[in-house]
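Q: I am new to this structure and would like a close look at one part of it. Please start with the surroundings of the ligand, and then show me some other places in the chain.

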Amino acid sequence: MKGKDSSNENKHLPKPTVKVDEKSKDHQLEEFRSDPRKDYLTTDQGVPVNHTDDSLKAGSRGPTLLEDFHFREKMTHFDHERMPERVVHARGAGAHGYFQPYQSMAEFTKAKFLSDPNVKTPVFVRFSTVVGSRGSADTVRDVRGFATKFYTQEGNYDLVGNNMPPFFIQDAIKFPDLVHSIKPDPDNDMPQASAAHDTFWDFASLMPETTHMLMWVLSDRAIPRSFRMMEGFGVHTFRFINAAGKSRFVKFHWRPMLGTHSLVWDEAQKLAGKDSDWLRRDLWEAIEMGDYPEFELSVQLVEEEDELKFDFDLLDATKLIPEELVPLKPVGKMVLNRNPDNFFAETEQAAFHPGNLVPGIDVTNDPLLQGRLFSYVDTQLNRFNSANFTEVPINRPLAPVHNFQQDGFMRQTINKGKVNYWPNSLGDGNPMLAPEEAGGYVHYQERVDGHKIRARSQSFNDHYSQATLFWNSLTEAEKKHLVEAAHFELGKVKSVEVRKRQVANFTRVDADFARRVAAGIGIEVPADIDTSSTGNYEDNEASKKMKKGKSVKESPAISMERNKIETVKTRKVAILVEDGFDCNELTQVRAALKAAGVQSKIVSKFLGKRKASTGEEVNADKSHVTTGSIMFDAIYIPDGEKSIEALLKEGDALHFISEAFKHCKPIATSGHGIKLLERAFVLGVDFADKTSGKVVNHKGVVTAGNEADADAFADLFLDAMKKHRHWDREEKEMVPA
Ligand code: HDD
């Protein structure tokens with residue numbers, strides 16, 4: 001229905017003087033900050049406290065007195081410290097920063113923060129896992145949330161996305177079922193933060209619309225190396241609207257400037273034990289060290305008249321638009337340059353909502369998005385127990401807020417005057433309605449016409465083509481990882497029927513893929529299982545048109561491996577040493593690593609000083625009990641006869657090397673170090689040149705003979721690191737790590 005937007009009315013009213021808040025988010029938060037180091041300890045009432053180690057008692061061995069207001073207040077506050085965790089995306093890490101467009105996007109959207117390349121808009125980003133509780137491990141196999149709040153001059157805009165472009169389901173009404181099935185079982189609360197159990201695969205196998213997303217979740221995308229090396233997607237199709245009122249469809253993409261990289265599954269599982277904060281620590285430390293994470297925002301734009309020209313429906317969130325059909329248009333860059341001061345006040349209390357929109361951006365009729373528009377505020381009400389969560393500093397817009405919302409738990413704003421209704425004359429008609437020209441939000445006037453019906457469009461009923469597209473787009477190494485992930489996930493499923501049904505779904509994706517999965521989970525590729533869709537699909541004009549729409553069989557843009565950014569910036573190298581190492585070589589290689597933006601840490605049996613063969617000392621940053629190869633991107637073992645002799649006798653050091661080899665990481669050593677590689681099961685490497693002084697890079701294992709040039713050696717090591725991982729090491733299967 002074409003409706004009139006009420007905000008266009010009352011144009012006769014005088015124009016308000018728009019107060020533009022010049023303060024930065026930083027500045028705005030300032031007034032809420034407290035720094036206990038700077039002052040006397042006080043009660044919540046501001047009364048200075050002289051003693052906080054003993055409660056007030058009737059005699060030093062007597063009972064505590066109720067009149068001890070300091071004790072009561074301190075304890076009560078502590079008892080009430082928790083708020084309910086998010087029902088999904090409970091575990092997350094946040095960072096502040098800014099977004100700046102490269103050029104004006106005014107041709108496509110009137111959103112002011114995208115229209116002026118000179119404007120830096122403050123942002124707060126929260127990365128998250130979906131399934132686990134607040135205290136769960138970071139590196140589990142899961143989708144990652146990528147939620148950005150832009151504090152624009154026209155109000156807050158939230159882009160609440162994930163690190164994968166499709167979603168599991170098409171209609172939000174299935175979201176509670178999806179989440180119930182993937183969360184721990186209701187009877188025993190197991191397993192934590194994992195999809196690898198019967199209930200999830202039971203649900204998934206009965207819902208073929210999940211198949212495309214399952215391919216992404218089984219792929220390496222579900223175990224990112226770092227939040228800084230992860231893409232982000234708005235998932236749904238949204239709308240851009242320009243000042244002339246012209247609308248286009250838009251998909252949002254974030255691309256990390258460091259490239260998109262992943263862990264390997266064995267490493268991810270071990271990290272969950274060794275450092276369950278791996279991803280949040282990585283983000284925090286990078287920002288502390290000034291290695292600010294950067295992401296490029298791009299859009300895919302589709303003209304309104306092209307809406308039905310694809311072989312999938314733009315309103316179906318289980319589909320992506322292949323970049324080969326609609327290329328990405330870079331819009332601007334986001335830089336995350338400040339850690340939160342307080343996890344709870346900022347990261348935990350951040351409240352996102354896909355319906356937080358600014359003029360120039362609007363939603364579409366995607367039924368998943370429509371349902372989200374209800375769910376997010378509802379969930380915040382449960383978390384905050386009040387509609388006043390928008391007044392918490394992290395959620396407050398920088399743009400001024402004037403309205404007649406009032407009261408409720410924890411109201412912060414002190415509204416002035418008698419007038420709390422509109423229209424009014426007693427308040428001179430304030431606050432006035434903002435006409436569209438003055439930035440008033442006007443919903444896009446889309447014509448809508450239809451019968452009330454619980455059904456989906458037939459154009460949503462192809463659940464396999466894009467799953468096949470995904471499979472076709474991967475390299476062999478990526479396919480192998482995906483099959484192995486399916487062996488793990490479905491291998492944990494006890495019900496043979498569920499395993500069979502899921503493999504039957506996979507036969508519709510690709511016969512070879514299904515065979516490879518079936519082989520690892522003890523079942524034959526099933527024939528004749530009904531994998532037809534659930535849901536009530538209705539044919540219509542739109543679905544008829546779409547049947548012959550544009551498509552591609554392969555999308556190289558989907559593969560991480562094919563789109564590697566060859567940079568070593570911020571990568572971490574472990575340097576294994578014991579007393580007697582070659583200081584000259586270490587110093588030169590370390591300097592070359594540093595110059596390339598690589599961080600290195602000395603790892604040794606114990607913490608403390610290690611002495612070089614020539615007497616110099618280095619400090620061991622980590623001991624074997626406090627770290628592991630899984631916490632580094634590459635390893636380097638400097639020469640030095642005594643150091644290598646000692647390492648040869650250290651099981652932990654040998655394990656460190658074999659594990660890094662198995663995880664396909666670059667390894668570099670020279671001279672005597674080559675013996676260590678042989679002992680550590682570094683197999684298949686051609687060490688023929690070890691005595692010649694030549695520098696060799698064999699599948700990421702860089703070796704140099706005694707006479708080799710340290711700079712050439714470091715260069716080759718850096719080259720090997722640029723590849724991130726060396727998947728072509730077939731011999732890794734034989735390594736017992
Ligand atoms: Fe959601 C949180 C992303 C579908 C309901 N969602 C949440 C967060 C992200 C996403 C990143 C965490 C925000 C933060 O860091 O605080 N959700 C998505 C994406 C979806 C999606 C990309 C599909 C395209 N979500 C989805 C549906 C529903 C919800 C279909 C329900 C109808 N999501 C929620 C929620 C959460 C949430 C229950 C929990 C905490 C919160 O909202 O603030 O409302």
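**The shell around the ligand**

A: Sorted by class, the shell around the ligand has 12 nonpolar, nine polar and three charged residues. Here Ala, Val, Leu, Ile, Met, Phe, Trp, Tyr, Cys and Pro count as nonpolar, Asp, Glu, Lys and Arg as charged, and the others, Gly among them, as polar. Before we go on, please keep in mind that this is a predicted model, in which local features need pLDDT of at least 70 and side-chain atom pairs count only at pLDDT 80 or more, while totals for chains, interfaces and linings use all residues. Residues are numbered from 1 along each chain as its sequence is written, and side-chain values use heavy atoms, with hydrogens and water left out.

Now to the shell itself. The ligand is surrounded by 24 residues, a residue being near if one of its heavy atoms lies within 4 Å. The closest are Arg 86, Arg 126, Arg 372, Tyr 376 and Gln 380. Of these, Tyr 376 is a good place to begin: its OH is the single protein donor to the iron atom of the ligand, at 1.8 Å. Donors are N, O and S atoms within 2.8 Å of the metal (3.2 Å for Na, K and Ca); water is not among the atoms, so sites may look incomplete.

Tyr 376 sits in helix α9, residues 367–384. Helices (H or I, at least four residues) and strands (E, at least two) are DSSP runs, numbered from the N terminus. Helix α9 also gives the shell its largest share, seven residues. Strands β3 (144–152) and β4 (155–162), like α9, each supply at least two residues of that shell.

Polar atoms meet the ligand as well. Arg 126 has a polar side-chain atom 2.6 Å from a ligand oxygen. In the side chain of Arg 86, an N or O atom is 2.7 Å from an oxygen atom of the ligand. For His 89, the pair is a side-chain N or O atom and a nitrogen atom of the ligand, 3.4 Å apart.

Strand β3 is worth one more glance, as Gly 145 is found there. Gly 145 is buried, at 3% relative accessibility; buried means under 20% relative accessible area, exposed over 50%, partly exposed in between (1.4 Å probe, protein chains only). Gly 145 and Gln 100 are 45 residues apart along the chain, and their C-alpha atoms are separated by 22 Å.

Let us move along to three paired strands. Strand β7 (residues 247–256) runs antiparallel to β8, with nine bridges joining the two. Two strands pair if DSSP finds at least two bridges between them. One of the bridge pairs joins Val 250 to Leu 301 in β8. Strand β8 (residues 294–303) also runs antiparallel to β9 (residues 329–338), through six bridges, and Val 299 has Lys 329 in β9 as its bridge partner. Strand β8 is mostly covered, as seven of its 10 residues are buried.

Further along, there is an open sheet of seven strands with mixed pairing, in the order β17-β14-β13-β18-β19-β21-β20. Strands β17 (622–623) and β20 (695–698) stand at its edges with a single partner strand each, so one side of each has no neighbour in the sheet. Inside this order, β13 (residues 572–576) and β14 (residues 599–604) run parallel and are joined by five bridges, and Leu 576 is paired with Val 603 in β14.

The same sheet's β19 (residues 667–670) holds Ser 670. Ser 670 is buried, with a relative accessible area of 5%, and its side chain makes a polar contact with the side chain of Glu 585, at 2.6 Å. A polar contact is a pair of N or O atoms within 3.5 Å; within protein, one must be able to donate a hydrogen and the other to accept it, and residues adjacent in sequence count only if both atoms are side-chain atoms.

Finally, some loops have backbone details to look for. The loop between α3 (175–182) and α4 (198–206) holds Pro 191, and the peptide bond from Met 190 to Pro 191 is cis, with omega near -10°. Ala 193 is found in the loop between α3 and α4 too; its phi is near 55°, a positive value in a residue other than glycine. In the loop between α17 (651–662) and β19 you can find Cys 664, where phi is near 65°, again positive in a residue other than glycine. Cys 664 is buried, with a relative accessible area of 0%.
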